[in-house]
Amino acid sequence: MLAAVLLLAAPVVAGAQEHVEADLGADLVSGYLWRGQDLGNVSIQPSVSVSYKGFSLGAWGSVGLDKDDTKEIDLTVGYAAGGFSVSVTDYWTDGGAGYFHYGARNTRHVFEAQVGYDLGFLAVNWYTNFAGNDGVTRSGARAYSSYFSVAAPFRWGGLEWSAEVGAVPWETDFYNATAGGRAGAGGFEVASVSLEAAKSLKITDSYSLPLFARVIWNPATEGAYFVFGVSL
């Protein structure tokens, strides 16, 4: 709710303060993959954000071209200084309780806290769900589902690359569950190993179209994916 209120207040802040930066964009992707989880087919993923002196407010969404794909809206409030960053995100997906349902047992919202540090050659991030529609353990207790990742960017062959490994540290059915019957992570599990390449395709002297391709493996579920995307 805090993220939503601050996002609505952003135009007022922008009008009252100088040097506010705003960004608007969208990605068109061949498949929606998130932390090793297959969440949909061809999708359009718009985003908008405003930032001022390290503080940021952002909204991100995903809409699949397949009518059966889940629709998602995420709101994030964060702060970054140097390589350090911290944020809180409200994830919401359709398919159940409406947007304004926040009950402990009747909500589609998941609230997540993030803390990370980017050294330039290496970025480390930790994420933990602290409220909302979180996963549970086999005993039915709230799992406080968590995920951490280590990513390393590099340049090779004229392309911008990024190698990343992400893992689930403890038991939860929020990550690594499958339609085939896998109940989720039973403990520490590597959920995503990915390699991404990106380049800008020059269209005119003043405009280039960013392209990216990403190969993803999920060792826990034995899933393998290849995603192509265009940033608009």
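**Reading the labels on a barrel model**

Biologist: Why is Arg-35 called buried?

Modeller: This is a predicted model, and Arg-35 has a relative accessible area of 13% in it. Buried means under 20%, so Arg-35 gets that label.

Biologist: Where does Arg-35 sit, then?

Modeller: In the loop between β2 and β3. The backbone there is worth a look too: phi of Arg-35 is near 55 degrees, a positive value in a residue other than glycine.

Biologist: Which other residue has a positive phi, and what is the value?

Modeller: Glu-222, with phi near 60 degrees. Glu-222 is in the loop between β15 and β16 (223-231).

Biologist: What makes Glu-222 count as exposed?

Modeller: Its relative accessibility is 75%, and exposed means over 50%. Glu-222 therefore counts as exposed.

Biologist: Now the fold. Which strands make up the closed barrel?

Modeller: There are 12, running β1-β4-β5-β6-β7-β8-β9-β10-β11-β14-β15-β16, with antiparallel pairing. On average, neighbouring strands of this sheet are turned by 20 degrees against each other, direction ignored.

Biologist: How do you know that β1 and β4 pair?

Modeller: Pairing takes at least two bridges, and strand β1 (residues 21-29) shares nine with strand β4 (residues 43-52), in the antiparallel sense. So they qualify as a pair. If you want a spot to look at, Ala-26 stands opposite Pro-46 in β4.

Biologist: What makes Arg-214 and Glu-196 a salt bridge?

Modeller: The closest N and O atoms are 2.5 Å apart, and the cut-off is within 4 Å, so the pair passes. Arg-214 lies in strand β15 (residues 207-218) and Glu-196 in strand β14 (residues 189-204), so the salt bridge ties together parts 18 residues apart in sequence.

Biologist: Why are those two called partly exposed?

Modeller: Arg-214 has a relative accessible area of 22% and Glu-196 has 21%. Partly exposed runs between the 20% and 50% limits, so both fit.

Biologist: How many salt bridges turn up in the whole structure?

Modeller: Eight. One of them joins the side chains of Asp-134 and Arg-142 at 3.7 Å, N to O; the limit is 4 Å, so that pair counts. Arg-155 and Glu-160 also meet in a salt bridge, at 2.2 Å.

Biologist: Is Asp-134 buried or exposed?

Modeller: Buried, because its relative accessibility is 10%, and the label needs under 20%. Arg-142, at 33%, counts as partly exposed.

Biologist: And Arg-155, is that buried or exposed?

Modeller: Exposed: its relative accessible area is 56%, and the label needs over 50%. Glu-160, at 41%, is partly exposed.

Biologist: Which residues lie nearest the centre of the largest pocket?

Modeller: Trp-34, Arg-35, Trp-60, Tyr-127 and Arg-214, out of 41 lining residues. The volume of this pocket is about 1600 Å³. Strand β5 (residues 55-64) gives the most to the lining, with five residues. By type, the lining has 15 nonpolar, 19 polar and seven charged residues.

Biologist: What is the volume of the second largest pocket?

Modeller: About 690 Å³. Its lining has 22 residues, and those nearest its centre are Trp-34, Gln-37, Leu-39, Thr-93 and Phe-174. The elements giving two or more residues to that lining are β2 (32-34), β3 (37-40), β7 (84-93) and β12 (172-177). This lining divides into 10 nonpolar, eight polar and four charged residues.

How values were computed. Residues numbered from 1 in each chain as written. Predicted model: local features only at pLDDT ≥ 70, side-chain atom pairs only at ≥ 80, totals over all residues. Heavy atoms only, no water. 1 Å grid on protein atoms, 1.4 Å probe; cavity = no way out; pocket = protein on both sides within 12 Å on 5 of 7 lines; lining within 4 Å. Points joined across faces, edges and corners; volume = space filled by probe spheres on them. Helix = DSSP H or I, 4+ residues; strand = E, 2+ residues; numbered from the N terminus. Nonpolar A, V, L, I, M, F, W, Y, C, P; charged D, E, K, R; others polar. Axes fitted to C-alpha atoms, helices over the stretch in contact; angles between N-to-C directions. Buried < 20%, exposed > 50% of the residue type's maximum accessible area, 1.4 Å probe, protein only.
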